[in-house]
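Student: I should like to look closely at one part of this structure, namely its metal site. Could you please take me through that site and what surrounds it?

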Amino acid sequence: MTAFRASGARLLVAAVLSAVAATDAAIAQNPCCELAGRDTADRFRVGAIADRRFTHAELWVALAPYLDRAGVSVTTVGHSVQGRAIRAVTFGSGPVRVLLWSQMHGDESTATMALADVIRAFAEGGADPLRSLIDERLTVTMIPMLNPDGAERFQRYNAAGVDINRDARRLATPEAAALKAVRDSLEPAFGFNLHDQGARTAAGPGGLQVAIALLAPAADSARTYGPVRSRARQLAAQLAVGLHQRIPGRVAKYDDTFTPRAFGDLIQQWGTSTVLIESGALPDDPEKQELRRLNVALLLSALEAIATERYVEADPETYEQLPVNHRVANDLLLLGGQVVLPDGSALPVDLALSYDDPVAQRGLLIGDIGDLHEVQAMDTLDVRGLYLHVATPSTLDPRNWWLVRGEPIAVVVRRGGDPQSQVVRRIPEP
Ligand SMILES: [Zn+2]
C-alpha cells in the first residue's frame, strides 16, 4: 500500500454540497430572504452575461430590457478615462438610501453579474414581497461597473494605470470622482463596496478556501468603532449568520488596517455605514456562476436586513469571530515524492505548483522545488513512496533538461521510476 492522501482547502466539495442541502431545510423553515434570494438568482438571471469576463458594451446591452421600467431608472454619473459611460441604476422610493458599487477593479466582476440579476428582479419582480418591502423603505442606487476601461481588458487598473481604490483621497481619476460625487449627492446611510479577492485565500491557517470575505472598514488609524462603523459591523454580522449556513467554513474577515486612500475606509469616514464584500472562489466554479448566485442572495438579504432594521439584533461577535483571510502562495503541494531524472534516477524533492488562473484551475506552473514541508498550499498531496514524472517545455529535450520556476508543468504520479509503471494520478487531471 502506498500512502496517497489528499488534504486541504478545495478537496471537500462533496461534504460542502451535502452541508448545503442539509441547511436548505433549515433555511426553508426560517423564511427569510436567503431562499428568496437564491430563487431570484435563478428566475431573474441575466443570461446574456454567462461568464466572468464581459465588456461594458455587453453589460449594458444585456441590461437594456430591464432599465427605465417598473420603478427602475438609469442615469449617467460620469465617464471613464476612455469615455465610457459610468451608469447608476436606482430602484425604490423609500427614505433610507443605499449605494452599491462593483468592479472598481476591472477584473473583479462577480458582484456586477449579481447586480445585473438584482436589477432584472427589481424590473420584473412584480408584487414579490421582498421587492415591495425594498421599494417602500429603501432607495437603492447601484453602480454595476465603476471601471469600464479596466473591464475591457479584464485588468485591475483603469486605462491610465491607476488603482481607483487607491484614489479616494486625491480623486484624480474620473471614475473615482464619479463615485465620490454620487456618494456626496445621495449621502446614503449604507454602502456596499463589492470586490473579488484572490482564490488562494484560506479562512485562517489551514482553513477552507474563502468564498466570501466581509469587512466593516476602519474609518481611522485607531480603528475606532463610532456609530457609523458599528452599524456596518452589525450588518456584516447579520450577513455572516446567513453565510455560515450556506457556505460553512468558507466565510472570513478581511484585514481591517486603515487605508487612508481607499474608498471603503473613506466612505465609512464620510458617514456612510459601509460593508466590503469580497468574492473569493468556490470549488468547481470556474466562471464564478455559483458565487454570483450566492451574491444575489447575500445582497438581497442585506437590503432586507436594512429595510426591516433586523441587523440591529445581530451580535457583533459573529463578525469579530470570523477567521481572518489567510493568503497562501501555492495551489498544490506534492510532498514526499521523487522526481524522475532523464537518466532514470530520482531526486527526493517536493513540488509546489500554482495555477496561472487559480479560479478556473488552468495553466499549472512550477512554484518551488526542494524540501517544502513548511511551505503552504491550498491543497496538499502526500506522495510518499511515489515517483513524479514531469513534463515541461525544457524536459522535452532530455539533453537539455531543466526544471524552472514559473515554467508550465504537467506531472504524472506513478508507482515506480519506470515511465511505464502504473499511473496513480495525472496533474492536472485530463
Ligand atoms: Zn478589488
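Tutor: The account below begins at the metal and then moves outward to the salt bridges and a pocket.

Please keep in mind that this is a predicted model. The metal is a zinc ion, and His105 and His195 each coordinate it through ND1, while Glu108 does so through OE atoms, listed twice. These contacts span 2.0 to 2.7 Å. Along the chain, the donors follow the spacing H-x2-E-x86-H. Glu108 belongs to the loop between β4 (96-102) and α4 (110-124), whereas His195 belongs to strand β6 (residues 190-196), so this pair ties together parts that are 87 residues apart in sequence.

The geometry deserves attention. Ideal angles are 109.5 degrees for four tetrahedral donors at a metal. Here the 4 donor atoms subtend angles of 53 to 151 degrees, and the arrangement is therefore irregular. To count as tetrahedral, four donors would need all angles to lie between 85 and 135 degrees.

Two of the coordinating residues can also be described by their accessibility. Glu108 is buried, with a relative accessible area of 7%, and His195 is buried as well, at 2%. Both values fall in the buried class because that class covers anything under 20%.

Glu108 has a further partner. Side chains of opposite charge can pair when their charged atoms come close. Arg156 forms a salt bridge with Glu108, and their closest N and O atoms are 3.5 Å apart. Arg156 lies in the loop between α6 (148-153) and α7 (174-186) and Glu108 in the loop between β4 and α4, so this salt bridge ties together parts that are 48 residues apart in sequence. Arg156 counts as partly exposed, at 25% relative accessibility, while Glu108 counts as buried. This pair is one of the 27 salt bridges that the structure holds.

Strand β6, which contains His195, also takes part in a pocket. The second largest pocket holds about 370 Å³ of space. Its lining consists of 22 residues, and those nearest its centre are Asn165, Arg166, Tyr254, Leu276 and Glu278. Two or more residues of the lining come from each of β6, α9 (263-269) and β10 (273-279), with β6 giving the largest share, 3 residues. By type, the lining divides into 5 nonpolar, 9 polar and 8 charged residues.

In summary, Glu108 both coordinates the zinc ion and forms a salt bridge with Arg156, while the strand of His195 contributes to the lining of the second largest pocket.

Methods
Residues are numbered from 1 along each chain as its sequence is written. This is a predicted model: local features need pLDDT of at least 70, side-chain atom pairs count only at pLDDT 80 or more; totals for chains, interfaces and linings use all residues. Side-chain values use heavy atoms; hydrogens and water are left out. Donors are N, O and S atoms within 2.8 Å of the metal (3.2 Å for Na, K and Ca); water is not among the atoms, so sites may look incomplete. Four donors count as tetrahedral if all angles lie between 85 and 135 degrees; four count as square planar and six as octahedral if opposite donors are over 155 degrees apart and all others between 65 and 115; anything else is irregular. Helices (H or I, at least four residues) and strands (E, at least two) are DSSP runs, numbered from the N terminus. Buried means under 20% relative accessible area, exposed over 50%, partly exposed in between (1.4 Å probe, protein chains only). On a 1 Å grid over the protein atoms alone, a cavity is a set of points where a 1.4 Å probe fits but cannot get out, and a pocket is an open set with protein on both sides within 12 Å along at least five of seven lines; lining residues have an atom within 4 Å of a point. Grid points are joined across faces, edges and corners, and a volume is the space filled by probe spheres set on the points. Ala, Val, Leu, Ile, Met, Phe, Trp, Tyr, Cys and Pro count as nonpolar, Asp, Glu, Lys and Arg as charged, and the others, Gly among them, as polar. A salt bridge is a side-chain nitrogen of Lys or Arg within 4 Å of a carboxyl oxygen of Asp or Glu.
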